[in-house]
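Student: I'd like to learn to read a fold feature by feature. Can you walk me through one?

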Amino acid sequence: MSRQISSLLAIAAVCVTLAPAPAFAQAPKKAPVDCEQVKCLALTFDDGPGKYAGTLLDTLKKYDAKATFFLEGQYVKSRPAFVKRMVAEGHAIGNHSYKHPDFTKSDPATIRNEIKTTQAEIKKAAGVEPKLLRPPYGLADLQVSEIAGEFDMPVILWTAGSQDWNSKNVEAIKKQTMAVAQQDGIILMHDWVKQTVDAMPAIIKSLQKKGYHLVTVDDIIKRHNLQAGDVFPVPAGWSAK
């Protein structure tokens with residue numbers, strides 16, 4: 001065997017020895033939850049990402065729970081890492097305006113700009129564009145519905161609220177959330193309220209103990225065949241006339 005071949009074989013042997021072990025294959029994705037077969041509930045968090053979002057995401061990951069975050073563009077811009085993590089960990093993202101004005105008191109150009117700018121910030125942060133709109137304060141009228149339709153998004157409200165912004169009390173938030181929990185419910189919460197984030201481990205454990213699967217809004221609405229501009233759930237007295 002020539003000296004050159006011997007040297008090449010020696011180098012190859014060293015390279016094989018030093019090469020890192022192949023990475024383990026990723027675990028297969030879990031089958032999607034069928035909310036027609038099991039009891040589902042969607043926890044939704046408005047006005048974020050708040051400064052406690054990281055702790056909330058840790059809790060959701062620990063208990064294998066999914067949530068939906070309706071984000072404000074101004075906070076997406078200042079906390080993009082949270083948005084990227086939300087998407088990476090399988091949570092749903094919605095548009096909640098840029099600076100939270102009352103859309104029912106805003107002119108069409110302002111509404112369009114609020115939605116468009118937030119879409120751009122979320123795409124910049126996480127590479128996705130939201131498919132759901134929740135207007136500030138949950139206030140919508142025919143104009144808001146029509147503009148949501150222009151962006152190919154339904155308007156998503158809620159079935160009940162945790163009242164966390166009002167009480168800012170861990171026990172009160174837990175009690176209210178459990179009181180309004182219902183199958184296929186959509187509960188309004190806020191990740192900027194520290195007490196909400198503190199209460200989440202107990203809330204999630206209690207809900208799961210009652211048989212709830214904590215899913216995204218997409219899982220709740222998929223069988224309702226919502227069209228762009230539709231409002232869901234339809235509030236009492238709502239009329240598209």
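Student: Take contacts between residues at least 6 apart in sequence: what share of them joins residues at least 24 apart?

Tutor: In this predicted model, 77% of those contacts in the protein chain join residues at least 24 apart. The chain has 10 helices and eight strands. Of its 241 residues, 43% are buried.

Student: Now the interior. Which members of the largest nonpolar core touch the most other members?

Tutor: Leu 43 and Phe 69 do, in a core of 34 residues. At least two core residues come from each of β1 (40-48), α2 (53-62), β2 (68-71), α4 (80-88), α5 (108-126), α8 (170-180), β6 (185-190) and α9 (194-209). Helix α9 gives the largest share, with six residues. Apart from this core lies another, of 12 residues, including Ile 156, Val 215, Ile 220 and Phe 232.

Student: What does Leu 43 touch, leaving out residues up to four places away in sequence?

Tutor: Leu 43 contacts Ala 67, Thr 68, Ile 187, Met 189, Met 200, Leu 207, Leu 214 and Val 215.

Student: And Thr 196, is that one buried or exposed?

Tutor: Thr 196 has 0% relative accessibility, so it counts as buried. Its place is in helix α9. With residues up to four places away set aside, Thr 196 touches Phe 45, Asp 164, Ile 173, Met 189 and His 190.

Student: Next, aromatic rings. How do I describe a pair?

Tutor: You give two things for a pair of aromatic rings: the distance of the centres and the angle of the planes. Here the count comes to one aromatic pair. Phe 45 and Phe 69 make up that pair, with 5.4 Å centre to centre and 25° between the planes.

Student: Why does the pair of Phe 45 and Phe 69 count as stacked?

Tutor: Planes under 30 degrees apart count as stacked, and the planes of Phe 45 and Phe 69 are 25° apart. The pair links distant parts of the chain, since Phe 45 sits in strand β1 and Phe 69 in strand β2, 24 residues apart.

Student: Are these rings' residues, Phe 45 and Phe 69, buried or exposed?

Tutor: Phe 45 counts as buried because its relative accessibility is 1%. Phe 69 counts as buried too, at 0%.

Student: On to empty space. How do you look for it?

Tutor: You roll a probe the size of a water molecule over the atoms, and that shows where empty space is left. In this model, the second largest pocket has a volume of about 180 Å³.

Student: Which residues lie nearest the centre of the second largest pocket?

Tutor: Tyr 137, Trp 158, Trp 165, Leu 188 and His 190 do, out of 14 lining residues. Strands β1 and β6 each supply at least two residues of that lining. By class, the lining of the second largest pocket divides into five nonpolar, seven polar and two charged residues.

Student: Let's turn to the backbone. What should catch my eye there?

Tutor: Most residues other than glycine have a negative phi, and most peptide bonds are trans. Take the exceptions in turn. The peptide bond from Gly 48 to Pro 49 is cis, with omega near 0°, and Pro 49 belongs to the loop between β1 and α2. Phe 232 and Pro 233 are also joined by a cis peptide bond, with omega about -15°. Pro 233 is in the segment after β8 (231-232).

Student: And phi? What is the value for Asp 47?

Tutor: Asp 47 has a positive phi of about 75°, although it is not a glycine. It is in strand β1. At 13% relative accessibility, Asp 47 counts as buried. Asp 152 has a positive phi as well, near 60°. Asp 152 is in the loop between α6 (142-150) and β4 (155-156).

Student: Is Asp 152 buried or exposed?

Tutor: Asp 152 counts as exposed, because its relative accessibility is 56%.

Student: One last residue. Where is Ala 109?

Tutor: Ala 109 is in helix α5. At 52% relative accessibility, Ala 109 counts as exposed. C-alpha to C-alpha, Ala 109 and Ile 147 are 9.7 Å apart in space, with their positions 38 residues apart in sequence counted as separation.

How values were computed: Residues are numbered from 1 along each chain as its sequence is written. This is a predicted model: local features need pLDDT of at least 70, side-chain atom pairs count only at pLDDT 80 or more; totals for chains, interfaces and linings use all residues. Side-chain values use heavy atoms; hydrogens and water are left out. A nonpolar core is a set of buried Ala, Val, Leu, Ile, Met, Phe, Trp, Tyr and Cys residues joined through side-chain atoms within 4.5 Å. Buried means under 20% relative accessible area, exposed over 50%, partly exposed in between (1.4 Å probe, protein chains only). Helices (H or I, at least four residues) and strands (E, at least two) are DSSP runs, numbered from the N terminus. Contact means heavy atoms within 4.5 Å. On a 1 Å grid over the protein atoms alone, a cavity is a set of points where a 1.4 Å probe fits but cannot get out, and a pocket is an open set with protein on both sides within 12 Å along at least five of seven lines; lining residues have an atom within 4 Å of a point. Grid points are joined across faces, edges and corners, and a volume is the space filled by probe spheres set on the points. Ala, Val, Leu, Ile, Met, Phe, Trp, Tyr, Cys and Pro count as nonpolar, Asp, Glu, Lys and Arg as charged, and the others, Gly among them, as polar. Rings of Phe, Tyr and Trp (its six-membered ring) pair if their centres lie within 6.5 Å; planes under 30 degrees apart count as stacked, over 60 as edge-to-face and the rest as tilted.
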